[in-house]
Amino acid sequence: MFKKILGTILCAAIACAALTGCAGSGKKKVGVSMPTQDLQRWNQDGAYMKEKFEAAGYEVDLQYAGNKPDTQLSQVENMINSGCKVLVIAAIESSSLSQALDKAAKKKIPVIAYDRLIMDNANVDYYATFDNYKVGQIQGNFVKEKLDLDNAAGPFNVEFTAGDPGDNNAKFFFNGAMDVLKPYIDAGKIVVVSGQTDFDSVATPEWASATAQARAENIIGSNYADKNIDAWVCSNDSTAQGVVTALDARYNSAGRDGQWPVITGQDCDIVSVKNMIAGKQTMSVFKDTRTLAARTVTMVNQILEGKEVETNNTYNNNVKDVASFLCDPVFADKDKIQEILIDSGYYTAAELGL
Ligand code: GAL
């Protein structure tokens, strides 16, 4: 009997969800599809969007796909079937989403690519992100200045670690940094002792710290028995964390050196901010997820109110130029933590162990 009643309630709930999104209140529903909860930033992106969309009077269907493209596809399909009026998607990778995007287009549901551009599909309506190439330039220029590449004799030993090959942003970050540093590699001022300088060799599937760590351990073991590492250009914080762990275990503790390499990152994750305070990561790039979430809410409002959607750029996704809004990434190092992370209310001092 109990089972039967429960079954009836469940059926009613499913039917209601399928037909109306269960809004009941007449609220419009927004589907927000995030890649993973493994990385701190996506939890913040999701939480801020939920908060801001709800404050603006929307219902929110927020889903995380555990970095599994198939899961993301079925979550997005459910959002379409359950009556979402707009989809906001940070893609794990593009190709597996194409059938869902086609379906959304048939139902006239606009799609906003969030942070990561969805490639090779015409049914991406807008793109909200940070200037990805500029993130890499900030990292490359930081290394250039720290090593004083224009004046110091060198040569300097530098290694690279990039992001997930399925994430369209990853190449922008890598190229932004590489375009600054390549002239110094060509001139012999920078030596990449491992010889790994192309994106495919330095990429890190899923941006996983453990993968970045394993590769760094390999490189250190095979190439740096009798050499210093002067800098390690990491595209983001999760990969930088892996590199730091590898350096901790195999390099500094071996007592060979004492001179810690310059290490770049991106996202200002708490672990990495703590590493900056401890002197183990030298910089990060702050991409304020509150700014991106607020921009996305503005875009959705403009779309659903039939207003002109404010954009400031375009990104080509191999099929079309997608109207884009690029927010500004901000350089962060130890000295900036108070101002940009604590005073702005992004973190409390206690969260950073201060
Ligand atoms: C990128 C994103 C970065 C970083 C990375 C790892 O797409 O732009 O900020 O978080 O993914 O998830």
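**Exercise 1. How many salt bridges does the rule find across the interface of domain 1 and domain 2?**

Let's work up to it from the domains. Keep in mind that this is a predicted model.

*Step 1: set the bounds.* The domain assignment splits the protein chain into domain 1 (2–131 + 288–327) and domain 2 (132–287). The contact takes 18 residues from domain 1 and 18 residues from domain 2.

*Step 2: apply the rule.* A pair counts if a side-chain nitrogen of Lys or Arg lies within 4 Å of a carboxyl oxygen of Asp or Glu. Across this interface, that gives 2 salt bridges.

*Step 3: check one pair by hand.* Take R116 and D167: their closest N and O atoms are 2.9 Å apart, and the pair is a salt bridge. R116 falls in the 2–131 part of domain 1, while D167 falls in the 132–287 range of domain 2.

*Step 4: widen the net.* Switch to polar contacts and the count between domain 1 and domain 2 is 10 residue pairs, both residues at pLDDT 80 or more.

**Exercise 2. Describe the area buried between domain 1 and domain 2, and say which elements of domain 1 touch domain 2.**

*Step 1: pick the yardstick.* The accessible area lost when the parts come together is often used to give the size of an interface.

*Step 2: get the number.* Here about 1,500 Å² is buried between the two domains, and carbon and sulfur atoms give 46% of it.

*Step 3: find the top contributors.* Of the area that domain 1 buries against domain 2, 32% is supplied by L39, Q40 and D131, more than any other three residues.

*Step 4: map the elements.* On the side of domain 1 that touches domain 2, at least two residues each come from helix 2 (40–55), strand 5 (126–130) and helix 11 (289–304). Strand 5 gives the most, with 3 residues.

**Exercise 3. Go through salt bridges in the whole structure and add the accessibility of their residues.**

*Step 1: take the total.* Searching the whole structure turns up 12 salt bridges.

*Step 2: look inside a helix.* K182 and D186 form a salt bridge at 3.1 Å, N to O. Both sit in helix 6 (residues 168–186), 4 residues apart, about one turn of the helix. K182 is partly exposed at 40% relative accessibility, and D186 is exposed at 55%.

*Step 3: try two more pairs.* D226 and K227 meet at 3.7 Å, N to O. D226 comes out exposed at 62% relative accessibility, whereas K227 is partly exposed at 32%. E305 and K307 also pair up, at 2.8 Å, N to O, with E305 partly exposed at 47% relative accessible area.

*Step 4: look for a network.* R41, D45, D115 and K287 are linked in a network of salt bridges.

**Exercise 4. How many disulfides does the structure hold, and why is there no bond at C268 or C327?**

*Step 1: count.* The structure holds 0 disulfides.

*Step 2: test C268.* The cut-off for a sulfur pair is 2.5 Å. The closest cysteine sulfur to that of C268 belongs to C234 and is 14 Å away, so the pair is too far apart for a bond.

*Step 3: test C327.* Its closest cysteine sulfur is in C268, at 15 Å, so this pair is too far for a bond as well.

*Step 4: check burial.* C268 counts as buried because its relative accessibility is 0%. C327, at 6%, counts as buried too.

Methods. Residues numbered from 1 in each chain as written. Predicted model: local features only at pLDDT ≥ 70, side-chain atom pairs only at ≥ 80, totals over all residues. Heavy atoms only, no water. Buried < 20%, exposed > 50% of the residue type's maximum accessible area, 1.4 Å probe, protein only. Domains from an automatic or database assignment. Contact = heavy atoms within 4.5 Å. Buried area = accessible area lost by both parts, 1.4 Å probe. Polar contact = N/O pair within 3.5 Å; in protein donor to acceptor, adjacent residues only side chain to side chain.
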